[in-house]
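I opened this notebook to record a few lookups, working outward from one residue. The entries follow the order in which I checked things.

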Amino acid sequence: MAISFWITTTLVSLWLVYRFTRLRTLNNVEVNRQHLLQALERAGPGEEPLIEGDSPPIFLGFFHPYCDAGGGGERVLWTAIRDVQKELPHVICVVYTGDTDASKEQILFRVKNRFNIDLDPRTLAIVYLHTRYLVEDSRYPRFTLLLQSLSSMVLGYEAMSKLVPDIYFDTMGYAFTYPVVHYLTHVKIATYTHYPTISSDMLQRVYERRRQYNNDSQLAASTIWTSGKLIYYHMFSWVYGWCGSFAEIVMVNSSWTKGHIDQLWKTEAEIVYPPCDTERLNVLDLNNRMPKIVSVAQFRPEKDHAMQIQAMAKLFEKHPKWKEEKDLELVMIGSSRNEGDERRIAGLRKLAQELNVEKYVRFEVNASFDTLVDYLGKAKVGLHTMWNEHFGIGVVEYMAAGLIPVAHNSAGPKRDIVTEYDGRPTGFLADSVDSFADCLDEALSLSEQDTIKMASNARAAASDRFSEVAFSRELMRSLRKWLT
């Protein structure tokens, strides 16, 4: 009797809290929208308004808590906003972000500097989220996936409490926010998913007890811990699939991601390859490239920058002739998002010293787009070492810029990017320190004629399949019917 009473009381209390929260959110919809429109008008006094006529504007909300990070995901975000602004001027684009230390003007300045993308501030609003600290992976050394995902629900609620859009567009992959958005607002949910939060590949790695940045070697050796983690992952994947099923418009960035998302979410996702500024990179000269190796990737643990430094050391060990090449160096270009990234960079510098390759390794942290293009224009090889990279926009940039890509033999690079084009190879694939060292030697040893031949073919492949024009066409085809 007592148990049933408390169960009933708890359920009724939860229902009342839900009803109160939903009513409170919906009652503030128009008020919040009017405040946002007034803020946009104040930001551009004296200019002719873009939203004309009596029809209210459509609000398209981009959920991207790290919009100022400067990676490939951010290029997708800002390119999408630019395309919407060009074609649909009656749409107000709203970016939900946790970058509270950056003003709208600073964010747009960096977008221009990093990606060469111009945006109209009159139809772009920034909504700041103050609970982003809850999804920082450093907060959760154990049960990271679950606790980060549950915390994202709080972040999703904060976003809806500040502005309810007509379409909620998640461009970072926070699927646990979808049921929150659905049950609070019933608005349409769209997603551009770069990679699944969990995949069968992750389960297989745990099952095989293989060490990785998210699978500690000591714990991986334990049968009990491995069994428990497998149960945890299977339960999480079921809940993740349920959350993802709320999305009505599902876009993914590669065939690898599509396979996993279709299976987990029971959906039929559209593949929209990420945009690469191929036009600007295509003009870079293919002749007289220097024996430099460029790596373009955020300093995140899964990017496995350590393997790149180890591959350099192995290259010198197996092919000592390269030690005599005075121009040879590995240039690591990437953004640093937080203290965790800074610690990783310091660790990489230390690793280079321990392996006696520090004079061959250069770090370019938070480099501008012009600096990136400068290195892409004079280097010969582009290096990418992430296992199961969902897509690999950096690899596409290598190809468009005329570099010979040496990428990990898995997922996006293997299935979508470093594939034959016109019956000829476009680069090299490797999956270990030894094989990366051998591929680097092979790429660096190509004659000028063979380098230009492979680089030209790789450039043609990138321009044909991964240009901004191709991205814009496919993205707007998926969004247009909901925004017109």
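Entry 1. I started with Asn282, which counts as partly exposed because its relative accessible area is 24%. The model is a predicted one, and I read every value below with that in mind. I placed Asn282 in helix α11, residues 278-282. I then listed its contacts, leaving out residues up to four places away in sequence: Asn282 touches Ala400, Arg459 and Ser463. I also took one distance. Asn282 and Gly228 are 54 residues apart along the chain, and their C-alpha atoms are separated by 50 Å.

Entry 2. I turned to the sheets and asked in what order the strands of the seven-stranded sheet run. I found the order β3-β2-β1-β4-β5-β6-β7, in an open sheet with parallel pairing. β3 (124-128) and β7 (270-271) are the edge strands, each pairing on one side only. For my own reference, strands of a sheet pair through backbone hydrogen bonds, either parallel or antiparallel.

Entry 3. I looked at strand β1 within that sheet. Six of the six residues of β1 (residues 58-63) are buried, so the strand is largely enclosed by the rest of the structure. I sorted its side chains by direction: Ile58, Leu60 and Phe62 point one way, while Phe59, Gly61 and Phe63 point the other way. In a regular strand the side chains alternate between the two faces of the sheet.

Entry 4. I followed the pairing of β1. With strand β2 (residues 91-97) I found six bridges in the parallel sense, and with strand β4 (residues 167-170) I found four bridges, also parallel. Gly61 has a bridge partner in each of these strands: Val94 in β2 and Tyr168 in β4.

Entry 5. I checked helix α6 (residues 177-185) and found it mostly covered, with seven of its nine residues buried. The buried residues are Thr177, Tyr178, Pro179, Val180, Val181, Leu184 and Thr185. Just after α6, His186 takes a positive phi of about 60 degrees. His186 sits in the loop between α6 and β5 (188-193). I asked whether His186 is buried or partly exposed. It counts as partly exposed, because its relative accessibility is 48%. Not counting residues up to four places away in sequence, His186 touches Arg22 and Val181. I noted one long separation as well: His186 and Gly412 are 226 residues apart in sequence and 34 Å apart in space, C-alpha to C-alpha.

Entry 6. I looked up other residues with a positive phi. Most residues other than glycine have a negative phi, and most peptide bonds are trans. Asn356 has a phi near 60 degrees, a positive value, and is not a glycine. I located Asn356 in the loop between α13 and β10. Its relative accessibility is 60%, so Asn356 counts as exposed. Asp422 has a positive phi of about 60 degrees and is not a glycine either. Asp422 lies in the loop between α16 (411-417) and β13, and it is exposed, with a relative accessible area of 62%.

Entry 7. I moved on to the six-stranded sheet. It is open, its order is β10-β9-β8-β11-β12-β13, and its pairing is parallel. The edge strands are β10 (361-365) and β13 (428-430), and each pairs on one side only. I read an average twist of 25 degrees from one strand to the next. At the β10 edge, five bridges join that strand to β9 (residues 329-334), and the two run parallel. I picked out one bridge there: Ile333 has Glu364 in β10 as its partner.

Entry 8. I finished with a helix pair. Two packed helices are described by the angle between their axes and the distance between the axes. For α12 (residues 305-318) and α13 (residues 339-354), I found that the axes come within 10 Å and cross at roughly 15 degrees. That angle makes α12 roughly parallel to α13. The crossing is right-handed. On α12 the contact is made by His305, Ala306, Ile309 and Gln310, and on α13 by Leu348, Leu351 and Ala352. By class, I noted five nonpolar, two polar and no charged residues in the contact of α12 with α13.

Note on methods. Residues are numbered from 1 along each chain as its sequence is written. This is a predicted model: local features need pLDDT of at least 70, side-chain atom pairs count only at pLDDT 80 or more; totals for chains, interfaces and linings use all residues. Side-chain values use heavy atoms; hydrogens and water are left out. Two strands pair if DSSP finds at least two bridges between them. Axes are lines fitted to C-alpha atoms, for helices over the stretch in contact, and angles run from 0 to 180 degrees between N-to-C directions. Angles under 35 degrees count as roughly parallel, over 145 as roughly antiparallel, 65 to 115 as roughly perpendicular and the rest as oblique. A crossing is left-handed if the near helix is turned anticlockwise from the far one by less than a right angle, and right-handed if clockwise. Contact means heavy atoms within 4.5 Å. Ala, Val, Leu, Ile, Met, Phe, Trp, Tyr, Cys and Pro count as nonpolar, Asp, Glu, Lys and Arg as charged, and the others, Gly among them, as polar. Buried means under 20% relative accessible area, exposed over 50%, partly exposed in between (1.4 Å probe, protein chains only).
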